[in-house]
Amino acid sequence: MSHDIVISAPRDMKNSNAPLILQRSDDDFVSAIMEDMKTADSRLSLRDDEAQAQDDTLHVLKLYQPIQRQHHVAVIEAWCDTPGGPRVDPARISSAGMVLRRIRGSQYEGWMRAKGRLRGWVGVDRLGPDRSDPDSTLRLATKTTGVADIDRSLISFALENDDSLLNESVIPLFAAPPDVCASANKTIYYGIVQTTSSELAEGPATFEDDTFTAASDTFRNHLVQALRGEYMDLALTGENLIPQWFEAVEMPGQNAPAGLPDDQWSALTGSAATTMKRFILMLRQLATEFGVFVDGVDYSAVVNELKAIVLPLTLREGDTVQRTTTADVFLQNAVKILLSHDGTADTTEMPLYWPALDSAAANRLVNALFNAMTARFATVKGQSGRFDQRGATYAVRSFVRLKPDGPCLAKTVWSDYSDPFVIAPWYEGSGASPVQIPLPDVTDRNLLKSLKPNVAFVVPPALQSLFSQSPKDMLAGSGSADTSLTLGWICSFSIPIITICAFISLNIFLSLFDLIFQWMFFLKICIPYPKKK
């Protein structure tokens, strides 16, 4: 008689049809867990190892990465939903696995492959019904009828949909050793919950927030007024742009930068400072964020919009027609002069103001800038990793594949989803004991003699000439590298000594930054311990 199969946590450990997730910090944690699975009392003690850390922001379960010396093991039991709930005969199970899915809103996403390509996170609804097998071959097999011609037509029709070939990444579940299952009188499977991965999805990276678009307030409000198509004042109108303007407003000192006229210095340290800073921010946004005027980047769409913007110039004596320049030419020269300090840039005059654009032109400019940012982001970010999204929420779900049994066809039986969880960033403490790095005693001269150099740096001639100068000159900013030298150097050091120097520097800088962040109480814990002489 056919009956249902249930996949759940071990029933005497947790009343849940979802996998039980244990957290362990010991090295041979799998063997220890399997040993504890044998008896009822030791299984009860394992309940204390259930993952319980909570994320303070999202208030969900938090799992750690292996680098934090914590490991997570999912454990399930397969049993028959009949009176007495007997264990499933392991011989009936062909394989078992677990999927780790990302929760996005009310939808689940799986890490998918198709046609030899890693697609990344894709909605699991594209696999078909809720309990569809993650393997495309097995999903297609369920469409067969046993009639060859009909089956060929059904498979051919199914393959017209690319989603039919999606394969979800599966974490293998392993059957507990026979003696463990026999002692526990349970059919137990276990697997390591994956919390880190080096896999990268094919295709360019995209923004994680779907609401971040060209029309979103977040993007528009980030832009300087002129890039939103609004009117904007400009500083030092009619004057020729010079590199000293940047230093005057971004790195102001007690005295004017060399070569900056006194009247301009007075203006840039007074009422014109804010206006000039806003203009320089505009140049930075164009060059760094959107890649405009950067070699190797296609910024033609933005330039086409800037070409249509006419900037008025100051009238000179005898002028009867308004002098103008186009925004693309002006901004390209401004980037060269103020940001790149390029001495080959054409002489460029500061316009009177940046004019407001009509709504259609403003929208075209904003859209072009957003597209440029998207392309720039894809270039800088590269491909998306599996666990790149900070604060993403995940859940695991287990399954077993049953072999055909008489009139019962082969099928995939699923558990429920686990509680949602986040993955802690690598730098967060997990409660595990810190890794200890013994340092040599630098006061022991005999010990120091034994610390032979074991790492070497190949130093270019110009860099070596710089280091050969007086440290006081270097601190005063008067040191310079002699580029005429052709003799390179190989300098050998002892890694323990480098570690000591890094440790000393770390303590110095921690103390200095503690004046700002007041973090020493949280970051540094020193306790004495007795050491035999």
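**Strand pairing around β5, and the place of Gly 203**

Me: In this predicted model, which residue of β6 is the bridge partner of Arg 104?
Reply: The bridge partner of Arg 104 is Gln 107, in β6.

Me: What makes β5 and β6 a pair, and how many bridges join them?
Reply: Two strands pair if at least two bridges are found between them. Strand β5 and strand β6 (residues 107–114) have 3 bridges, in the antiparallel sense, and therefore they satisfy the cut-off of at least two. The two strands form a hairpin with 2 residues between them, and Gly 105 in the turn has a positive phi of about 65°.

Me: How do you know that β5 is also paired with β9?
Reply: Strand β9 covers residues 171–172 and is joined to β5 by 2 bridges. The cut-off is at least two bridges, so the pair qualifies. The strands run antiparallel, and Met 98 stands opposite Ile 171 in β9.

Me: Over how many bridges does β5 pair with β16?
Reply: Strand β5 (residues 93–104) and strand β16 (residues 393–402) pair over 10 bridges, in the antiparallel sense. In β16, Ser 398 stands opposite Met 98.

Me: Why is Gly 203 called partly exposed?
Reply: Its relative accessible area is 36%. Buried would require under 20% and exposed over 50%; a value in between is called partly exposed. Gly 203 therefore belongs to the partly exposed class.

Me: Where is Gly 203 found, and how many residues separate Gly 203 and Phe 503 in sequence?
Reply: Gly 203 lies in the loop between β11 (187–192) and α6 (217–222). Gly 203 and Phe 503 are 300 residues apart in sequence, and their C-alpha atoms are 42 Å apart in space.

Notes
Residues are numbered from 1 along each chain as its sequence is written. This is a predicted model: local features need pLDDT of at least 70, side-chain atom pairs count only at pLDDT 80 or more; totals for chains, interfaces and linings use all residues. Side-chain values use heavy atoms; hydrogens and water are left out. Helices (H or I, at least four residues) and strands (E, at least two) are DSSP runs, numbered from the N terminus. Buried means under 20% relative accessible area, exposed over 50%, partly exposed in between (1.4 Å probe, protein chains only).
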